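Here is my note on the model, set out as numbered points. It takes up the contact between two chains and then turns to a few local features.

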Amino acid sequence: MDKTTIICRCEEISCEEVEEVISNGGRTFDDVKRITRCGMGPCQAKICTSMVAEIIHQQTGLSPSEIPLPRMRMPLSPIKLETLGTNSTSFSAVKSVLDEVEIEEGKVR
Amino acid sequence: MHIEKHPVLSRQLLKPVTIYFNDQPYQAYTQQSVAAALMANGIKKLGVSRKLVQSRGLFCSRGRCCSCYMTIDGEDHVRSCMTEVEEGMRIYPNMDDPEVRREFDED
Amino acid sequence: MKTDVLIIGGGPAGLSAAIETASRGLDVTIVDEASKLGGQLNQQTQEMRPLPSVYEPMRGFELANKLIEQIKDFNVRPLLKHRVVGFYADGSAGITDEENVFPIKAKKIIVASGAAEKAVAFPKWTMPGIMTIGAAQILINRDFVLPGREAVIVGSSDFAMETAMQLMAVGTRVKAIIEKQSEASAKEQEKVSELLRNGIPFYFNSFIKEARGNGQVEQIDIEMPDEVITLNVDLICMDGGRMPILDVFYQLGCSFGFQEELGGWVPQYSNTFQTDREDVFIAGNAAGISTQGALLLTGMIAGISVSEELQTISPAEANEMREALWKELGLLEYKEVYSGRVKHLENFTSPVLKDQFIS
């Protein structure tokens, strides 16, 4: 593949930049992401994951089953803060964050 | 180009609506996505990329790639492929990062 | 909101699962981000065959309408233009309608999140006028818009062949089919033959060297074994293959296995289509990329398994129905896909990837 070909459309990371991370020891999608910002744009790696996996496979010889999936965080697709911060009294965005955290005697455990 | 006579589907184009892109009026039909309606009018460039300032348009047409981001009725970063056209809609291309700071009226 | 069964994805598999659960008295909620149920069926005008014996061969959108008609008789709540944002610690799904986010607590969840199209990268592939074959199909059959006047297709799967025919039917001139392998990957040779009969050249062992244009694609160079040719096009439809959409399963903490024939990483599931999360079931393309008939069957199996778990049918009944459906699946599905699925099931207790989810 031509080195200048864009791999991550959102952050505009080229094949060359991905390959450089791998030459320096990167072996997973998340390695590439943390160094280059690949996969950190609005689509959150939906489009570039398989291409990066292919590059890792070609450059390292790792089989696809040895290249783990990237982290997939919520929200699963872009959402407005206004929508997350609902006015509902029975449910709110704050609760959704607190759900991830364990409270013991009024304090975070 | 709008497909006037679909070769298979018996349902044809529905109600015509007028949408505005860069303040210019264009013909669209209900149930079309904004990105599709603009393409029917020959508009394929829906914005530019953030870093290299390169043209962007419709890519996946199902709300995954975010390549079709546009400003629609005052809201920035709307996936135009997932938004259906409405009469009088005001659409602008996604040319740079939105202004986060805005003037607020005292309540 | 509380419901017995939450079905994520209202495509062929989700709708089949809805019919199997709701017809047995369960309260079913379907969440789909589109404005119409039916998923990919709505954009498909070609005839689907083979379909499970309960359906006669029909076109994609006809099947969608038939499935939608069937669920009208039962207690099914379709939440259209709603999507999953994430999950809460208590297992509720966070659903948004773009105005608010609210929880849906379900006894069982069937995730039929479908397939994602993979991209094919080449210099300047990010230009307007360059899209996936699915996008071109949606433009023609959902939006009634011509995606372009002069096109090339990259890739040669059955899906790509169908899209080429649909483009031709609305007046687009398909100038070439560019395939990087030495022969078409389409399983149905008649599709390739039909395109050849219409004068469309197939360029094998070839790929796009570069795309050029001012603000949108206007011209491409195709690298072939012996030469490089240049074509004027305003549309490139790429087929990079399809893979299961995994993010919902990831959020639910499901484990994954890798199976090339199923499209890559696939959530692990047993023969009941239950994942390794007790209340989470799987159906459709998310369980392995397959043909429409097979997707319907996976939805039916998942629906029956959930009905069994929620005690609206006996285990004996469920086993009998599942056995018949699995048998039909073995007959309907392509051999390689079915054997991939069987192998995938064998790895259920020893998945390659597990405990992935960190909030």
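**Notes on chain C and its contact with chain B**

1. Between chain C and chain B there is one salt bridge. In this predicted model, the pair in question is D234(C) with K44(B), whose closest N and O atoms lie 3.7 Å apart. A separation of 3.7 Å falls within the 4 Å allowed for such a pair, and the reader may wish to keep that cut-off in mind when looking at the pair.

2. Polar contacts add to this picture, since the count between chain C and chain B is 11 residue pairs, both residues being at pLDDT 80 or more. On the side of chain C that touches chain B, the elements that each supply at least two residues are β9 (115-117), β10 (130-132) and α3 (133-141). Of these, α3(C) gives the largest share, namely five residues. Sorted by class, that side of chain C has 21 nonpolar, nine polar and eight charged residues.

3. How large is the contact as a whole? The size of an interface is often expressed as the accessible area that is lost when the parts come together. By that reckoning chain C and chain B bury about 3000 Å² between them, with 57% of it on carbon and sulfur atoms. The residues taking part number 38 from chain C and 32 from chain B.

4. Within chain C, T163(C) belongs to helix α4, which covers residues 158-169. Is T163(C) buried or exposed? Its relative accessible area is 0%, and because buried means under 20%, T163(C) counts as buried. Leaving aside residues up to four places away in sequence, T163(C) touches I133(C), A136(C) and Q137(C). As for a more distant residue in the sequence, N232(C) is 69 residues from T163(C), and the two are 20 Å apart in space, C-alpha to C-alpha.

5. Strand β2 of chain C, residues 28-32, has five of its five residues buried, so the strand is largely enclosed by the rest of the structure. Burial applies to both faces of β2(C): V28(C), I30(C) and D32(C) point one way, T29(C) and V31(C) point the other way, and all are buried.

6. Which strand pairs with β2(C), and in what sense? Strand β1 of chain C, residues 2-8, pairs with β2(C) in the parallel sense over four bridges. One of the residues involved is V28(C) in β2(C), which is the bridge partner of V5(C); V28(C) is also among the buried residues of β2(C) described above.

How values were computed. Residues are numbered from 1 along each chain as its sequence is written. Chains are lettered from A and ligands numbered from 1 in the order in which they are written. This is a predicted model: local features need pLDDT of at least 70, side-chain atom pairs count only at pLDDT 80 or more; totals for chains, interfaces and linings use all residues. Side-chain values use heavy atoms; hydrogens and water are left out. Contact means heavy atoms within 4.5 Å. Buried area is the accessible area (1.4 Å probe) that two parts lose on being put together, summed over both. A salt bridge is a side-chain nitrogen of Lys or Arg within 4 Å of a carboxyl oxygen of Asp or Glu. A polar contact is a pair of N or O atoms within 3.5 Å; within protein, one must be able to donate a hydrogen and the other to accept it, and residues adjacent in sequence count only if both atoms are side-chain atoms. Ala, Val, Leu, Ile, Met, Phe, Trp, Tyr, Cys and Pro count as nonpolar, Asp, Glu, Lys and Arg as charged, and the others, Gly among them, as polar. Buried means under 20% relative accessible area, exposed over 50%, partly exposed in between (1.4 Å probe, protein chains only). Two strands pair if DSSP finds at least two bridges between them.
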